[in-house]
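Me: I am new to this structure and should be grateful for a close look at one part of it. Please describe how the helices there pack and what space is left among them.

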Amino acid sequence: MTILAAFDAAVAAHWDRPAIIDSKGHSVSFTDLYHRAGFLADEWAKRGIGPGDRVLIAMGVTPDLYAALAALWRLGAVAVLPEPAMGLKGVRTALAAADVKAWIGAGMLRVLPLLVPRLLAVPRLPLKGGMLRGTELSPDWPDDHPALMSFTSGSTGRAKAILRSHGFLSAQNRAVGPLLASDRQEVDLVAFPVFVLANLGSGVTSVLPNWPLRRPDRARPEAIRQHCARQGVTRLLLPPVLAEALTDAPLPASVTTLFTGGGPVFPDVVDRLTAQNPALRVMAVYGSTEAEPIAELEVSALAPADRARIAAGEGLLAGPPVAAVRVRIVDDEILVAGSHVVETYVDPADNAATKTRDEHGTVWHRTGDGGRFDAEGRLWLLGRTQGRIGGLWPFAIETAARSWPGVRRAALCGLEGQSCLAIEGDPVHLPDWQKAAARLGVERTMPLKSIPLDRRHRSKVDYARLAQMVRA
């Protein structure tokens, strides 16, 4: 079943249920979203948009974004989504990779051609208000028909374009489905668009963020809690930086579960969350832009023995791989394969360092993450393979360090031929940090005012900037 067919079925089953609630509390039902998509598809068909046409989307995360996606997919067109964290560079990267026939802009982004002159020659599709009433089913496109072009963040190199088909998106929904399965009516606050798509296909209400997605570190925890309380949110799907921000006070009583991923999920953050919310279930989801999800773990139920192994520097437990993915470890690196794993980038030159084909013809994606399996078949994360310093793995050291007194965040890097652990925290504990780090084999320890984080989720260490800081 394509995601369009799943959406059609959700509309039929939950026609009056809120599909999306925006940041200001405005609600759009499944039926209204369906009719809105129908109207946009009708308008854009009149402007010549049809199967295979690529259309760049430059708009905020609103209900109309999802109506626009559904409209383009009804027409068989390809939605081109620039990477938000890259700003204008992301738009230029998208235009360079995709020969777009038109573009869609909303709000302030309608003036984008003034900043990206290449768009002056590309027609803009209107977003006029309106709905098209009717019950016509969405077209059933073949599995290999292209649907969506998106981009990697470029945080570890050049941003790479990824073209997803309708079959791929369906497979991704099937992979995500078991994670979100519930026997009651849920209301999800969702920071990750892929999960909004999954919810639209399963009849679950999605509440959109009330903070700027590009800067989750600037979100106000109290405003998030108020948003949850007003909308009756029962589950949170947030990056780790927001999970950590919400440790300062209890969540509304309606919230039962937190899903978090897009960066390492550290046990000490989960401990602070459950200290405020003893009944909260915290699920860590490990994945990447090319493969989401790969593994999952209920961190709030972490066994004492696993905590001891983490504190001893054995790595960060990610849990068992999800049923939809195959995982293998080759030369300490995690490789994944499956129907929801990207097999090729738009530019085949990008495949050389990240794809490998086995003797059976299966394409495996190299995640660039170091890992290992334990005796129970669970996956442990060790950190980026390129971040290994001698025999030391970043996550193994950094996660262990977070259990030391006064440590808020830690990051491993090289400095003048030695391993160096940079620590953000109370430097009064520096002598203790040095002794503990030495026991793990780290040669130098350095206090830092703050550890630099990635632009996308503000949850991963920016090791390139860290290297500059420790050398300064």
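Reply: In this predicted model, helix α2, which covers residues 30-46, packs against α3 at an angle of about 55 degrees, and their axes lie 8 Å apart. The two helices, α2 and α3, are therefore oblique to each other. Their crossing, that of α2 and α3, is right-handed. On the α2 side, the residues that take part are L33, Y34, R36, A37, G38, L40, A41 and W44, and they meet P63, D64, A67, A68, A70, A71, L72 and R74 in α3. By class, the residues of this contact of α2 with α3 comprise 12 nonpolar, one polar and three charged.

Helix α3 also packs against α7. Here the angle is about 70 degrees, and the axes of α3 and α7 are 12 Å apart. An angle of 65 to 115 degrees counts as roughly perpendicular, and that makes α3 roughly perpendicular to α7. The crossing in which α3 passes α7 is right-handed. From α3, the residues Y66, L69 and W73 meet P193, V196, L197 and L200 of α7. The contact of α3 with α7 consists of seven nonpolar residues, with no polar and no charged ones.

The next matter is the enclosed space. Rolling a probe the size of a water molecule over the atoms shows where empty space is left. With a threshold of 30 Å³ or more, the count comes to two cavities.

The largest cavity has a volume of about 110 Å³. Its lining is made up of I3, L4, F7, L33, Y66, L69, A70, W73, L197 and L200. Three elements give two or more residues to this lining of the largest cavity, namely α1 (3-13), α3 (63-74) and α7 (193-202). Of the elements, α3 gives the most to the lining of the largest cavity, with four residues. Several names recur from the helix contacts described above. Y66, L69 and W73, which belong to the α3 side of the contact with α7, are among the residues that line the largest cavity. On the α7 side, L197 and L200 take part in the contact with α3 and likewise appear in the lining of the largest cavity. The contact of α2 with α3 is represented too: L33 of α2 and A70 of α3 belong to that contact, and both L33 and A70 line the largest cavity. In class, the lining of the largest cavity has 10 nonpolar residues, and it contains no polar and no charged residues.

The second largest cavity holds about 30 Å³ of space. The residues that line the second largest cavity are I3, L169, Q172, N173, V194 and L197. At least two residues of this lining of the second largest cavity come from each of α6 (166-180) and α7. The largest share of the lining of the second largest cavity is that of α6, which supplies three residues. By class, the lining of the second largest cavity divides into four nonpolar, two polar and no charged residues. I3 and L197 are among the residues that line the second largest cavity, and I3 and L197 also belong to the lining of the largest cavity. L197 is, in addition, one of the α7 residues that meet α3.

In summary, α3 meets α2 and α7, and α3 gives four residues to the lining of the largest cavity. The second largest cavity, by contrast, takes the largest share of its lining from α6.

How values were computed. Residues numbered from 1 in each chain as written. Predicted model: local features only at pLDDT ≥ 70, side-chain atom pairs only at ≥ 80, totals over all residues. Heavy atoms only, no water. 1 Å grid on protein atoms, 1.4 Å probe; cavity = no way out; pocket = protein on both sides within 12 Å on 5 of 7 lines; lining within 4 Å. Points joined across faces, edges and corners; volume = space filled by probe spheres on them. Nonpolar A, V, L, I, M, F, W, Y, C, P; charged D, E, K, R; others polar. Axes fitted to C-alpha atoms, helices over the stretch in contact; angles between N-to-C directions. Parallel < 35°, antiparallel > 145°, perpendicular 65-115°, else oblique. Left-handed = near helix turned anticlockwise from the far one by under 90°. Contact = heavy atoms within 4.5 Å.
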